[in-house]
Amino acid sequence: MIRDFAIVWSERDLLLSGLGNTTILSVLSAIAGLVIAFVLTPALMSKRRWLALAVRVFVDGMRCVPFLLFAYIVYYGLPSFGIRLDNWSSGLVALTVYHAAYLAEILRGAWAAQPREPLEAGVAFGFSGPRLFRRIILPPLLLAAGPIIGNQMIQIVKDSAFLTIIALPELTHAASSIQSRHYVPFAAFITAVFLYWGLCLIIEAGVSGIDRLAAARR
Amino acid sequence: MGMTNDMAVLDVAGISKRFGDLQVLSDISFTVTRGETVCVLGPSGSGKSTLLRCINWLERPDAGQIYLNGDRIGINNGGVVMSDRELSRVRTRIGMVFQHFALWPHLTVLQNLMEAPVQVQKRPVAEVREEAMALLAKVGLSDKCDVFPARLSGGQKQRVGIARALAMKPDVLLFDEPTSALDPELVGEVLLVMRELAREGRTMVIVTHEMGFARDAATRILFMDRGRVVETGRPERFFVSPDTERARQFIQRYAAG
């Protein structure tokens, strides 16, 4: 067993590059997903019924599709419509769009739970449109929903593992090439598990940082 | 159109508002001249808060006109309902104080005061900060400038709410039951600030149940019942010898309670 881990250690460059790619994928998707959610959430809360309904259909639809299937559709399905993305772009698009739907729904829930008066004060003091959302509505949402958003970030990290099926050289892909090359499945995969765990710990540290900010304002 | 006299800061003409089957406001008209403190009194559900919310178009009136220093609110020169952006510009000239304070929880006290002047009115940060600190001194909260609203008492929150409204240098201040959500022992500190503003000759419309304050500080009483202005007059006359039976009953009930 020690020998197995020694083999994994000898392949550490491959693992670390996988870990790096997983981190890049997750960070980019998390940021892009949040930005998209910042657009989707006001649409979900919009008084324009058709807009709210259209976005609601997208969000609910996304949340009911298994991520693996969605990644297949983006990578293998879209070329039938003339949209051909390489594995990196496909992976990023799939991860981002999929989790943007969840993030939008998380923010919508937090918004619905907010007291109405501070928002109304924003309107009364001359805020409107994107500025009202950005300056008055959004900050309390992010503080209130911090832990749930953190949870979703962890979900993003874990879902990125599926992208091994479109040959994206992320962490799971690296672990599985080490195991197939040297036949050390346990050592390779358990090492990957611990590296994923490390990523999640970093996210949780970030969440507790946000929570401290929120606690001062509660 | 444009029946505003020279001194009228606020001119409300024939405002009506209906929620479903409920006629909340019926043909309300009044003007507020510069430096006046108008107290709007009346039983619960008489439409007082809705009236305030119609003035800055937080609620859109079904009929009637509102002028602020001669400018029509809500309808632009082309006779079309204003866009959100146009409405926003007008709203910065109307300060509002809310029953439940409505401070922005993610901003400190000082940031609450500076937010709209800097972000909406685009005034220079240094100037706004200086004025905001002066306003906090005025309401007795200089030492709380870096504190978040959640750490304040209700009375302190409402004093911040008033300072925040003043920071926009509005033409008129609207108060929507500013002491109704406060513990009785905290009401006094807020009324003290409001009395001071009345003495300074700020133009204010105040919806309140504080009869003592209305009697001492108001220049005029607007008495509402069931969505109508039933009676209006100077407080010394209104409280001693009201014209209407409904006002008389209302005063008696509050004097007793």
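1. Burial in chain A comes out at 45% of its 218 residues. Keep in mind while reading on that this is a predicted model. For chain B, the buried share is 55% of 257 residues.

2. On secondary structure, chain A has nine helices and zero strands. Reading from the N terminus, that gives a plain run of α-α-α-α-α-α-α-α-α. Its C-alpha atoms fill a box of roughly 70 × 50 × 25 Å along the principal axes. If you filter contacts in chain A to residues at least 6 apart in sequence, 77% of them join residues at least 24 apart.

3. Now the surface and charges of chain A. The accessible surface is about 11000 Å², and carbon and sulfur atoms account for 69% of that. There are 18 positive and 12 negative side chains in chain A, with 10 Å between the centres of the two sets.

4. One residue to look up in chain A is A:P185, which sits in helix α9 (residues 185-216). Is A:P185 buried, partly exposed or exposed? Its relative accessibility is 28%, and buried would require under 20% while exposed would require over 50%, so A:P185 counts as partly exposed. Another handy distance check: A:P185 and A:L95 are 90 residues apart along the chain, and their C-alpha atoms are separated by 27 Å.

5. Chain B mixes its elements, with nine helices and ten strands. Its radius of gyration is 18 Å, close to the 18 Å that the globule rule gives for 257 residues, so chain B is as compact as a globular protein of that length. The box around the C-alpha atoms of chain B is roughly 50 × 50 × 35 Å, again along the principal axes. Of the contacts in chain B between residues at least 6 apart in sequence, 65% join residues at least 24 apart.

6. Same bookkeeping for the surface of chain B: about 11100 Å² is accessible, with 48% belonging to carbon and sulfur atoms. Chain B carries 33 positive and 31 negative charges, and the mean positions of these two sets are 2 Å apart.

7. Next, a sheet in chain B. Four strands make an open sheet in the order β2-β1-β4-β5, with antiparallel pairing. Which strands stand at the edges? They are β2 (22-33) and β5 (71-72) of chain B, each with a single partner strand, so one side of each is left without a neighbour in the sheet. For β5(B), strand β4 (residues 63-68) of chain B pairs with it in the antiparallel sense over two bridges. Within that pairing, B:L68 has B:D71 in β5(B) as its bridge partner.

8. Strand β8 (residues 204-207) of chain B is worth clicking through residue by residue. In a regular strand the side chains alternate between the two faces of the sheet. In β8(B), B:M204 and B:I206 point one way and B:V205 and B:V207 the other way, and all are buried.

9. What pairs with β8(B)? Strand β3 (residues 37-41) of chain B does, in the parallel sense and over four bridges. B:T37 is the residue opposite B:M204 in β8(B). Strand β7 (residues 172-176) of chain B also runs parallel to β8(B), and four bridges join the two. Here B:F175 stands opposite B:I206 in β8(B). As background, strands of a sheet pair through backbone hydrogen bonds, either parallel or antiparallel.

Conventions:
Residues are numbered from 1 along each chain as its sequence is written. Chains are lettered from A and ligands numbered from 1 in the order in which they are written. This is a predicted model: local features need pLDDT of at least 70, side-chain atom pairs count only at pLDDT 80 or more; totals for chains, interfaces and linings use all residues. Side-chain values use heavy atoms; hydrogens and water are left out. The radius of gyration is taken over C-alpha atoms; the globule rule is 2.2 Å times the number of residues to the power 0.38. Buried means under 20% relative accessible area, exposed over 50%, partly exposed in between (1.4 Å probe, protein chains only). Contact means heavy atoms within 4.5 Å. Accessible areas come from the Shrake-Rupley method with a 1.4 Å probe; for residues, only the protein chains shown count as cover. Lys and Arg count as positive and Asp and Glu as negative; His and the chain ends are not counted. The place of a charge is taken as NZ of Lys, CZ of Arg, CG of Asp or CD of Glu. Two strands pair if DSSP finds at least two bridges between them.
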